[in-house]
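The paragraphs below go through one protein model, from its overall make-up to its cores and then to its aromatic side chains. Please keep the sequence and the structure in view while reading.

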Amino acid sequence: MSPRPPTRGLRPSPAAPAANGPLAAYRRALQRVQRLQAQRDAQQQQGLAHQRLWAAEVLPLQRQHLQVQRDLALRLADWREADDPRLSSAQRHTLREALCARLRALCAQGQADLAPLHDRHSPLTLAQWRQAQAAAVHAQVADWLGDGWAAHAPADDPDAVWDAARQRWQRERAEREAKRQARRQARQARRAALDPGATAPRAGTPEHTDTPDTVLRRLYRQLASALHPDRAPDDAERQRRHHLMGEVNAAYAQRDLLTLLRLQGDAAPAERLAALTRLLQEQTARLERLRQHEQQDWRHRLGLPDGTPWDDGALARHRQALGSAWAERLAQAQRDLAQLQDVAGLQRWLNAQRRA
């Protein structure tokens, strides 16, 4: 019979239980919170860096394009007021439509001084045109949100109507999420009532009623008691406790929960570690939701399509694509302006606009 293989190497090591104990779970939860905080900080720095580069690379092109568009609109206004007889009736109509469309776009971009020029050439004043557009948007959104959604929405600003509709949709989504959260908490409460050993805290327990201030204050008092220098057995331990109490006082003054938890974790009893772990897990969920919300907010602020990966490469590619697009638009606007210098070029430009 062959000898049996040794089993000593297959036995769990003495450190294995500690890897799955309350202190290990607490440390893992604390590390997740720290990692999420670091990710939020990095995300904020990435957004600010991209914003600075966008201001240096893309914004100047946008400003140049706006100025050329203004020059082009003023040139079209000169041609319309000149009423050149060499223009056909169709070309005159196209000239008026192109002029008014550009003036409306410029006014929407902050060039409000051009509004009187628009009203002089358009059958509808700028205010009337915006009211008509707002009414059209009202009708479109009514199909989406139902009647009565816009009782307090502006009636003369299509952009404000869209904003009101978006806010209404976000509010309804938040209400649905709150209802789902309430149902989830109710299920947890029922499970806790049926199972006294459930991990979810029951209503009325200290873990359920803890607030950030009470948690910070309790942690500080526990650490101050545990690290009191007068209880040190020797001078070396007394010096160590003085140093640790300096860290505790600084962390408490700055409301630095993570540092207080780090200092407190090793000495905490198992039942307290379980409660602290649950608090950290709740904070992890809140931080993850906040990180996702902040990331989406950055996408909207920077003009990124939804779902765009949040990394330096994707941000750089988006910025380069924007720069290329605005450079091409600027070049086209400059070509258009150069073409409007004589009546033959104006006629060719108007004919192209009509075909387009």
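A helix is here a DSSP run of H or I with at least four residues, and a strand is a run of E with at least two; both are numbered from the N terminus. On that basis the elements of the protein, read from the N terminus, run α-α-α-α-α-α-α-α-α-α-α-α-α-α. The count is 14 helices and 0 strands. The model is predicted.

Of the 356 residues in the protein, 32% are buried. The exposed surface of the protein comes to about 22,300 Å², and carbon and sulfur atoms supply 52% of that area. Among contacts with a separation of 6 or more, 61% join residues 24 or more positions apart.

The interior comes next. In soluble globular proteins, nonpolar side chains tend to be buried together. In this model the largest nonpolar core has 28 residues, and the ones with the most contacts inside it are Leu-76, Leu-340, Leu-346 and Trp-349. Two or more residues each are given to this core by helix H3 (59-82), helix H4 (89-108), helix H5 (115-121), helix H13 (312-339) and helix H14 (343-355). H3 provides the largest share, 7 residues.

Which residues does Leu-346 touch, leaving aside those up to four places away in sequence? They are Leu-76, Trp-79, Leu-87, Gln-339 and Leu-340. Apart from this core lies another, of 22 residues, which include Ala-251, Leu-260, Leu-261 and Leu-287.

The aromatic rings can be taken separately. A search of the whole structure finds 1 aromatic pair. Its members are Tyr-220 and Tyr-252, whose ring centres are 4.4 Å apart and whose planes meet at 20 degrees; planes under 30 degrees apart count as stacked, so this pair is stacked. Tyr-220 belongs to helix H9 (residues 212-226) and Tyr-252 to helix H10 (residues 235-253), so the pair ties together parts that are 32 residues apart in sequence.

Are these two tyrosines buried or exposed? Buried means under 20% relative accessible area and exposed means over 50%, with partly exposed in between. Tyr-220 has 23% relative accessibility and therefore counts as partly exposed. Tyr-252, with a relative accessible area of 29%, is also partly exposed.

Two tryptophan rings have an arginine over them. The charged end of Arg-301 sits over the ring of Trp-298, at 3.9 Å from the ring centre. Arg-329 lies over the face of Trp-326, and there the distance to the ring centre is 4.0 Å.

Methods:
Residues numbered from 1 in each chain as written. Predicted model: local features only at pLDDT ≥ 70, side-chain atom pairs only at ≥ 80, totals over all residues. Heavy atoms only, no water. Core = buried A, V, L, I, M, F, W, Y, C linked by side-chain atoms within 4.5 Å. Buried < 20%, exposed > 50% of the residue type's maximum accessible area, 1.4 Å probe, protein only. Contact = heavy atoms within 4.5 Å. Phe/Tyr/Trp six-rings, centres within 6.5 Å; stacked < 30°, edge-to-face > 60°. Lys NZ or Arg CZ within 6 Å of the ring centre and 35° of its normal. Areas by Shrake-Rupley, 256 points an atom, 1.4 Å probe, with all protein chains shown as cover.
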